[in-house]
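Open your viewer and get ready to click along. We'll hop from stop to stop, and at each one I'll tell you what to select and what is there.

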Amino acid sequence: MSIFVDENTRVLVQGITGTAGTYHARQMIAYGTKVVGGVTPGRGGTRVDDVPVFDSVRQAVAETGADASVIFVPAPFAKDAMLEAVDAGIRLLVCITEGVPVLDMMAVRPVVDRAGVRLIGPNCPGVISPGKCKIGIMPGHIHMAGDVGVVSRSGTLTYEAVAQLTALGIGQSTGVGIGGDPVNGTSFVDVLAAFQQDPGTSAVVLIGEIGGGAEEKAAAFVRDHMDKPVVAFIAGRTAPPGRRMGHAGAISAGGQGTAEEKIAVLRDHGIEVAETPAEIGRTLARRIGRG
Amino acid sequence: MKIHEYQAKGVLAAFGVRVPRGGLASTAEQAREVARELGGAVFVVKAQIHAGGRGKGGGIKVCRSLDEVFQKADALLGSDLVTPQTGPEGRRVRRVWIEEGLAIARELYLGLVLDRETQRIVLMASTEGGMEIEEVAEHTPEKIAKEFIDPTVGIQPFHIRNVVAALGLTGDSAKGARVFLEGLYAMFVAKDASLVEINPLVVTQDGELLALDAKVNFDDNALYRHPDIVALRDTDEEEPLEVEASQAELSYIKLDGEIGNLVNGAGLAMATMDIVQHFGGRPANFLDVGGSADRAKVKAAFQIILKDRPKAILVNIFGGIMHCDVIADGVVAAARDVSLDVPLVVRLQGTNVEQGREILARSGLAIVPAQTMEEAARKVVAASRGE
């Protein structure tokens with residue numbers, strides 16, 4: 001089993017005729033994802049390889065029966081792309097686009113929530129259920145099907161953790177990159193709740209970073225609502241306060257959202273935290289007695 | 001993005017927010033001329049630097065004559081002003097803002113900030129103007145009133161009534177507050193601000209409300225739709241290497257250690273700094289080359305890192321979209337281009353990693369290869385110590 005996506009997920013690619021959209025559509029198809037269509041306004045009726053391109057998401061959904069969409073459009077158009085997908089009845093929306101203004105996300109979130117749509121991102125690597133479906137930009141080959149859920153605010157750091165797990169022979173049920181922006185669609189808690197419900201997931205790796213209070217909320221959720229083991233890593237111990245470390249969300253300010261505070265809270269709530277990023281896989285293996 | 005006080009006041013005034021009359025000067029002579037045109041008996045000379053705490057650092061001077069304006073401006077201009085927020089080296093004062101003196105009855109605080117937890121805009125108000133709001137929040141949190149505004153709905157009359165009541169404003173001051181708050185909020189959403197602080201907001205003895213100081217930060221992600229705001233950027237206020245990095249589309253932050261880092265991805269870059277520190281080294285920088293690191297970008301990254309004179313450099317790349325062989329080619333070419341003369345530890349992982357490692361090995365360069373993050377961190381720390 002897995003969460004959010006599986007072998008039946010039918011995926012649209014919004015922005016499929018752009019460089020990134022075309023490249024990753026091909027990668028997703030090569031991985032086995034059912035990419036049923038693409039959307040680029042003004043390019044309807046054309047094709048990218050075998051994938052039909054439509055002018056609107058509404059048209060694409062009507063023709064293909066897609067239930068998920070992944071967004072590769074540039075940041076100035078991301079808000080429109082997300083709202084269009086929700087309007088067209090898409091149930092799972094993955095926004096890869098980086099650099100979406102915060103006020104745009106504050107406008108999108110209530111619409112997404114009212115419609116009951118699962119939005120992952122923006123500014124994220126996407127979601128993958130190894131061997132079944134990959135929606136996003138993560139390298140598929142480092143993954144291996146299994147029973148460990150991975151949830152992260154980061155991109156390449158997640159690949160690092162996944163590669164460590166795979167090298168130890170520990171497969172993953174689903175990997176979810178929720179993105180590094182201050183306002184996003186899916187939180188750690190949303191993903192942890194889904195992993196707790198999923199019979200195919202027996203343990204979870206959580207990768208957080210400085211800024212905000214999402215890791216603290218996750219810690220409370222693990223203590224109160226989960227019986228599956230969770231281990232964590234928090235990036236940014238050496239980050240200076242008040243500086244934006246690449247991700248717009250990664251700012252620790254005025255003694256809030258620092259790595260040390262987050263690590264202390266996670267440990268207080270019974271979550272083992274890897275001391276270094278090289279220890280993530282081994283920490284999980286030790287926790288579940290494998291590897 | 002940050003802007004100067006005088007720029008913030010200009011932006012706010014365009015939205016109907018009242019600010020004291022004033023003018024900008026980059027010489028003492030200009031300062032005196034601005035004061036002469038303002039008229040009156042009392043003037044304030046304010047150093048324009050991005051760091052806060054200017055009052056404590058002696059960057060704000062009350063003057064009672066045109067000659068005094070000249071003298072204070074002359075002393076401030078060209079000096080390195082040290083405030084609690086600048087660090088010991090201070091910030092060079094290139095401009096001063098000359099303002100009319102006001103007869104102040106009360107000093108209040110107003111703030112607007114994007115709140116990630118509630119996904120709303122928070123309007124904060126306090127009667128404790130002129131103090132650090134963080135201190136008020138810590139010691140007397142009951143003195144801060146908060147209104148949470150949904151940006152899709154906008155500021156409502158009840159938000160304003162609540163703030164007016166919390167600040168104890170009545171009569172004309174209450175009417176002035178309504179205009180002031182509506183203007184403040186309108187500017188915030190129209191210009192994609194991320195933070196606005198009016199500290200202090202003053203009530204004059206005549207009951208007028210004015211922004212005596214103004215701090216405005218903007219959402220970097222939204223700057224593409226605000227060329228007027230981008231035009232206000234003052235790169236003199238930024239770390240020169242960070243300006244150079246932003247021109248090369250690299251995400252770089254200068255730190256004060258001795259080990260340079262070149263990494264793809266912000267999370268992995270932070271984690272790399274962390275593990276370097278864990279094994280006893282100190283990172284000289286944060287540098288994320290992003291998802292499309294080609295030879296030109298890697299070269300630019302090396303050039304920036306080298307200007308900070310590190311004792312060793314660690315390249316940590318997890319090849320996903322980027323293939324490790326392409327990255328390896330870029331690293332080798334860039335290392336040759338810049339005649340790299342400090343130890344270089346390279347750790348590649350991910351797509352086409354074997355080909356990448358082979359390219360490094362065949363390059364003839366003294367590159368120290370590493371397989372894991374831990375091995376890479378240990379090796380670069382040892383190399384930085386000449387071991």
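**Stop 1: a leucine with company from two chains.** Select Leu157(A) and show what surrounds it: leaving out residues up to four places away in sequence, Leu157(A) touches Ile207(A), Phe233(A), Ala235(A), Pro277(A), Gly267(B), Leu268(B) and Ala271(B). Here, a contact means heavy atoms within 4.5 Å. One of these neighbours, Pro277(A), is 120 residues from Leu157(A) in sequence, yet their C-alpha atoms are 8.2 Å apart in space. Leu157(A) itself sits in helix α5 (residues 156-167) of chain A. Is Leu157(A) buried or exposed? It's buried, with a relative accessible area of 0%.

Some ground rules before moving on. You're looking at a predicted model, in which local features need pLDDT of at least 70 and side-chain atom pairs count only at pLDDT 80 or more, while totals for chains, interfaces and linings use all residues. Residues are numbered from 1 along each chain as its sequence is written, chains are lettered from A and ligands numbered from 1 in the order in which they are written, and side-chain values use heavy atoms, with hydrogens and water left out.

A few words you'll keep meeting: buried is under 20% relative accessible area, exposed is over 50%, and partly exposed is in between (1.4 Å probe, protein chains only). Helices (H or I, at least four residues) and strands (E, at least two) are DSSP runs, numbered from the N terminus.

**Stop 2: odd backbone spots in chain A.** Go to Phe4(A), in the segment before β1 (10-14) of chain A. Phe4(A) has a positive phi of about 65°, although it isn't a glycine. Asp49(A) is another non-glycine with a positive phi, this time about 55°. You'll find Asp49(A) in the loop between β3 (47-48) and β4 (51-54) of chain A. Both are partly exposed: Phe4(A) has 26% relative accessibility, and Asp49(A) has 44%.

Now select Gly121(A) and Pro122(A). The peptide bond between them is cis, with omega near 10°. Pro122(A) lies in the loop between β7 (118-120) and β8 (126-129) of chain A.

**Stop 3: across to chain B.** Color chain B by secondary structure and you should find 13 helices and 18 strands. Its C-alpha atoms fill a box of roughly 80 × 50 × 40 Å, taken along the principal axes. Of its 387 residues, 54% count as buried.

There's a cis peptide bond here too, joining Asn199(B) and Pro200(B), with omega about 10°. Pro200(B) is in strand β10 (residues 193-204) of chain B.

**Stop 4: helix α11 of chain B.** Select residues 324-337 of chain B. This 14-residue helix reaches 19 Å from its first C-alpha to its last, close to the 20 Å expected at 1.5 Å a residue (the expected span is 1.5 Å times one less than the number of residues). Which residues of α11(B) are buried? They are Cys324(B), Ile327(B), Ala328(B), Gly330(B), Val331(B), Val332(B), Ala333(B), Ala334(B) and Ala335(B). Show their partners in chain B as well: the buried residues pack against α10 (295-307), β16 (312-319), β17 (344-350), α12 (353-362) and β18 (367-370). Just after the helix, Ser339(B) takes a positive phi of about 45°.

**Stop 5: salt bridges.** A salt bridge is a side-chain nitrogen of Lys or Arg within 4 Å of a carboxyl oxygen of Asp or Glu. How many are there over all chains? The search finds 44.

- Select Arg58(A) and Asp87(A), whose closest N and O atoms are 2.6 Å apart. The pair links distant parts of the chain, 29 residues apart: Arg58(A) in helix α2 (residues 57-64) and Asp87(A) in helix α3 (residues 75-87) of chain A. Arg58(A) is exposed at 56% relative accessibility, and Asp87(A) is exposed at 52%.
- Select Glu374(B) and Arg378(B), where the closest N and O atoms are 3.2 Å apart. Both lie in helix α13 (residues 373-384) of chain B, 4 residues apart, about one turn of the helix. Glu374(B) is buried at 16% relative accessible area, whereas Arg378(B) is partly exposed at 47%.

For your last selection, take Glu5(B), Lys9(B), Lys46(B), Arg54(B), Glu99(B) and Asp213(B): salt bridges that share partners join them into one network.
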